[in-house]
Amino acid sequence: MGDDRNAAVEATELLRTLIRNGCVNTGDPASGHEARSVDALEDFFAGSGLAVERHESLPGRMSLVARIEGRDPSAPRLMLMGHTDVVPANPSRWQRDPFGGELVDGIVWGRGAIDMLNLTATMAVAMRRLARSGFRPRGTLIYLAVADEEAGGVHGAGYLTEHRPEAVAADYVVTESGGVPIPTPSGPVLPAAVAEKGGNSRRLVVSGTPGHGSRPLRTDNALVTAAEVVRRVAAYRPRARILSEWRGYVEALGLSPELTGALTDPDRVYDTALSMEPLSLARSAHACTHTTFSPNVVRGGVKINVIPDRVEIDVDIRALPGVTPDEVDAMLAEALGDLAPRVEIERLRSQMGSRSSLDTPLGDAIRRVAGALVPGSRVVPTMTSGGTDAKYFRWRGITAYGFGLHSPRIPATEYPLMFHGHDERVDVESLRLSAEMWEALCRDFLG
Ligand SMILES: [Zn+2]
């Protein structure tokens with residue numbers, strides 16, 4: 001038990017350091033400054049015998065790789081990957097300083113406490129403990145603390161997989177997120193993220209004819225047309241598709257047979273989600289069964305007395321796995337209907353979704369290790385509606401999962417609010433569970 005407490009203390013202190021480093025990624029390539037946390041991790045690993053490399057994509061956009069070389073080159077290699085950047089926080093809306101890393105009553109507060117500095121820290125703790133214990137696995141173990149996940153990973157996982165493939169070569173990857181225990185009548189369900197949707201961003205450019213704002217009759221006002229474009233895109237509903245991950249997840253929740261049936265029926269899931277509670281499950285039901293369209297940014301108009309001739313609408317589109325960028329554009333054309341000829345569509349980002357099977361030796365090891373640490377639990381494969389760095393590996397045919405462990409102290413319903421929200425926090429018991437889980441998983445899987 002003494003050892004377990006030490007793992008929790010080590011993870012807590014490292015997490016607080018990473019929070020205080022405030023590697024805030026605004027999306028500006030000059031933000032992030034992840035080199036600060038790479039320095040902290042290099043200090044943390046010092047003297048453990050781990051070989052550490054630093055990789056810089058742009059000034060300050062640093063990622064760190066640490067490895068324990070396997071003794072059998074043919075054995076599968078496992079990578080634990082955590083990002084070091086976080087999204088911005090508005091301190092006036094928090095109960096505590098988002099970059100203070102305060103520890104209060106067994107809870108660490110701060111931006112990144114669950115997304116995902118908690119896992120980045122606990123993975124590092126497991127890595128150092130394994131190295132110090134003289135762990136010599138069959139397959140190589142790699143730890144990657146990566147930059148830029150919060151802006152899509154171009155300057156982090158994207159850069160490394162493209163330009164430094166030898167540094168991040170692995171057969172299996174584990175990263176965020178999952179493992180928040182969902183209470184069900186038959187014991188806690190631990191979601192393992194095995195799939196994610198494809199991020200597609202489109203800019204819709206609506207054109208009109210400029211004129212004097214004092215004479216609006218029968219003019220061609222791009223903003224008025226854009227309002228109807230926004231309405232149509234928001235109202236658009238492609239046909240639902242029930243993937244095996246969604247079906248399995250819903251069936252594991254132990255809901256009533258009626259609700260389970262409705263949420264797994266492509267003809268009923270949308271209307272069910274419109275009226276059901278809780279809202280968090282309703283939003284998941286919609287997002288996990290549809291390609292979604294959310295018009296989120298609009299720019300247009302130049303002056304109060306000028307009828308605008310150009311309006312841009314940026315739409316955040318999340319495509320179900322298997323849906324191609326061309327199919328996304330076809331859906332947009334369908335949504336626009338007779339307005340399609342008035343709208344020019346620019347592709348800002350076109351990505352495919354990604355999936356891995358959990359029926360692998362690593363999936364089996366996760367089930368064994370999580371089952372031992374959380375008695376009575378079941379690991380259930382799920383899809384996430386957001387994006388993670390796992391996609392860069394799945395696109396290359398590598399198996400990648402999102403997982404972690406959390407105690408029941410913070411209820412599962414709080415987590416969706418904390419990701420990129422106010423009052424992000426994690427309890428020390430969750431840090432202990434994750435640190436122990438990573439260590440046990442490496443020993444089990446890599447032997
Ligand atoms: Zn994250």
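In the predicted model, helix H5 passes helix H10 in a right-handed crossing. H5 spans residues 222-235 and H10 spans residues 325-336; their axes come within 8 Å and cross at roughly 120°. That angle makes H5 oblique to H10. On the H5 side the contact is formed by Val229, Arg232 and Val233, and on the H10 side by Leu332, Ala335 and Leu336. Sorted by class, the contact of H5 with H10 has five nonpolar residues, one charged residue and no polar residues.

Two packed helices are described by the angle between their axes and the distance between the axes. The same description was applied to two further pairs, both of which involve helix H3.

Helix H3 covers residues 117-132, and helix H14 covers residues 428-446. The axes of H3 and H14 come within 8 Å and cross at roughly 50°. H3 and H14 are therefore oblique to each other. The crossing of H3 past H14 is right-handed. From H3, the residues in the contact are Asn118, Leu119, Thr122, Met123, Val125, Ala126, Arg129 and Leu130. They meet Leu431, Ser434, Ala435, Trp438, Glu439, Cys442 and Arg443 in H14. The residues of the contact of H3 with H14 divide into nine nonpolar, three polar and three charged.

Helix H3 also packs with helix H2 (residues 35-45), at an angle of about 25° and with the axes 10 Å apart. H2 is therefore roughly parallel to H3, as angles under 35 degrees count as roughly parallel. H2 passes H3 in a right-handed crossing. Leu41, Phe44 and Phe45 of H2 make the contact with Ala124, Val125, Met127 and Arg128 of H3. In this contact of H2 with H3, six residues are nonpolar, one is charged and none is polar. Val125 of H3 is listed in the contact with H14 and also in the contact with H2.

A zinc ion is present in the model, coordinated by His83 through NE2, by Asp115 through an OD atom and by Glu176 through two OE entries, at 1.8 to 2.4 Å. The four donor atoms subtend angles of 56 to 148° around the zinc ion, so the arrangement is irregular. Along the chain, the donors of the zinc ion follow the spacing H-x31-D-x60-E. His83 belongs to strand E3 (residues 78-83), whereas Asp115 lies in the loop between strand E5 (107-109) and helix H3; the pair therefore ties together parts that are 32 residues apart in sequence.

Most residues other than glycine have a negative phi, and most peptide bonds are trans. Two cis bonds involve residues that also coordinate the zinc ion. The peptide bond from Asp115 to Met116 is cis, with omega near -20°. Met116 is found in the loop between E5 and H3. The peptide bond from Glu176 to Ser177 is likewise cis, with omega near -20°. Ser177 is located in the loop between strand E7 (172-175) and strand E8 (189-196). A positive phi occurs at Asp105, a residue other than glycine, where the value is near 55°. Asp105 is placed in the loop between strand E4 (103-104) and E5.

Gly70 is found in the loop between strand E2 (61-68) and E3. When residues up to four places away in sequence are not counted, Gly70 touches Arg136, Pro137, Arg138, Gly139 and Thr140. Gly70 and Thr384 are 314 residues apart in sequence, and their C-alpha atoms are 32 Å apart in space.

Key: Residues numbered from 1 in each chain as written. Predicted model: local features only at pLDDT ≥ 70, side-chain atom pairs only at ≥ 80, totals over all residues. Heavy atoms only, no water. Axes fitted to C-alpha atoms, helices over the stretch in contact; angles between N-to-C directions. Helix = DSSP H or I, 4+ residues; strand = E, 2+ residues; numbered from the N terminus. Parallel < 35°, antiparallel > 145°, perpendicular 65-115°, else oblique. Left-handed = near helix turned anticlockwise from the far one by under 90°. Contact = heavy atoms within 4.5 Å. Nonpolar A, V, L, I, M, F, W, Y, C, P; charged D, E, K, R; others polar. Donors = N, O, S within 2.8 Å, 3.2 Å for Na, K, Ca; no water. Tetrahedral: all angles 85-135°; square planar, octahedral: opposite > 155°, others 65-115°.
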